[in-house]
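Me: I am new to this structure and would be grateful for a close look at a single part of it. Please describe how that part is arranged, in one connected account.

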Amino acid sequence: MHLLVIEDERALCETIVRSLRRLAYSVDYCYDGEKALALLGVERYDLVLLDLNLPKKDGMTVLRTLRQTDRETRVLILSARSEVEDKVQGLDAGANDYLAKPFHLAELEARIRSLTLRQFTQKDVLLSCGELSFDTRSRTAAVSGQTLTLTRKEAGILEYLMVHQGRPVSQEELMEHVWDNSVDSFSNSIRVHISVLRKKLRAALGYDPIRNRIGEGYLMGGEEA
């Protein structure tokens with residue numbers, strides 16, 4: 001999952017980013033509304049965490065500008081404005097959820113899970129592909145009940161491929177949703193992580209559930225490598 005944190009309190013922003021990256025989310029961040037709009041104009045995000053009191057352009061301007069062209073990207077407002085009318089205004093402007101400051105990181109993480117999991121086709125949080133399963137809450141993969149040892153990036157790749165199984169996922173799409181925007185598009189890092197992940201899956205399953213579609217990307221599902 002690719003997230004954008006827009007928060008001008010730098011210490012808080014860095015705390016949120018560290019917390020989310022530990023959970024294997026791909027996270028970009030910025031401190032003002034102008035930079036936020038620039039990022040939203042060139043990147044695709046699964047969720048935006050948006051402060052309202054931003055310099056240069058305030059959060060409501062960012063939200064309203066985003067909603068002029070994008071009704072799909074989910075937005076979670078994080079704000080010290082905790083009055084009911086503030087929440088109503090934010091939700092009416094197009095936010096999907098509103099969390100008042102101060103908040104506990106555990107609650108923020110739960111709100112993020114709730115918002116992002118609504119995009120999944122499954123009714124629960126357990127993704128499956130044959131004997132392979134992925135628990136999106138614990139971020140663990142298992143084969144026939146036996147947990148696999150995966151790095152955070154490997155878990156992120158597997159989750160994204162399982163959510164989108166049935167269609168090819170390009171390397172560029174994985175870069176957008178599993179890596180942050182600091183990665184070099186010419187880096188071999190993604191291919192290395194995918195190669196190691198496939199070896200682990202092949203060892204556990206006896207076959208590789210990830211197939212290459214030449215010119216299209218990686219396709220999750222099926223027993224042919």
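Reply: In this predicted model, the part chosen is the pairing of two helices, in which helix 2 passes helix 3 in a right-handed crossing. Helix 2 covers residues 33-42 and helix 3 covers residues 59-69. Their axes lie 10 Å apart, and the helices pack at an angle of about 20 degrees. Because angles under 35 degrees count as roughly parallel, helix 2 is described as roughly parallel to helix 3.

The residues that form this pairing can be named on each side. Helix 2 contributes Gly33, Ala36, Leu37 and Leu40, and these meet Val62, Thr65 and Leu66 of helix 3. By character, the residues of this contact divide into 5 nonpolar and 2 polar, with no charged residue.

For a second view of the model, one may turn to a charged residue, Glu154, which has its place in helix 6, residues 152-163. With a relative accessible area of 4%, Glu154 is buried, because buried means under 20%. The side chain of Glu154 has polar partners: it reaches the backbone nitrogen of Thr151 at 3.0 Å, and it makes a polar contact with the side chain of Lys200 at 2.7 Å. Lys200 also appears among the residues in contact with Glu154 once neighbours within four places in sequence are left aside; the others in that set are Thr149, His193, Val196 and Leu197.

Definitions and conventions
Residues are numbered from 1 along each chain as its sequence is written. This is a predicted model: local features need pLDDT of at least 70, side-chain atom pairs count only at pLDDT 80 or more; totals for chains, interfaces and linings use all residues. Side-chain values use heavy atoms; hydrogens and water are left out. Helices (H or I, at least four residues) and strands (E, at least two) are DSSP runs, numbered from the N terminus. Buried means under 20% relative accessible area, exposed over 50%, partly exposed in between (1.4 Å probe, protein chains only). A polar contact is a pair of N or O atoms within 3.5 Å; within protein, one must be able to donate a hydrogen and the other to accept it, and residues adjacent in sequence count only if both atoms are side-chain atoms. Contact means heavy atoms within 4.5 Å. Axes are lines fitted to C-alpha atoms, for helices over the stretch in contact, and angles run from 0 to 180 degrees between N-to-C directions. Angles under 35 degrees count as roughly parallel, over 145 as roughly antiparallel, 65 to 115 as roughly perpendicular and the rest as oblique. A crossing is left-handed if the near helix is turned anticlockwise from the far one by less than a right angle, and right-handed if clockwise.
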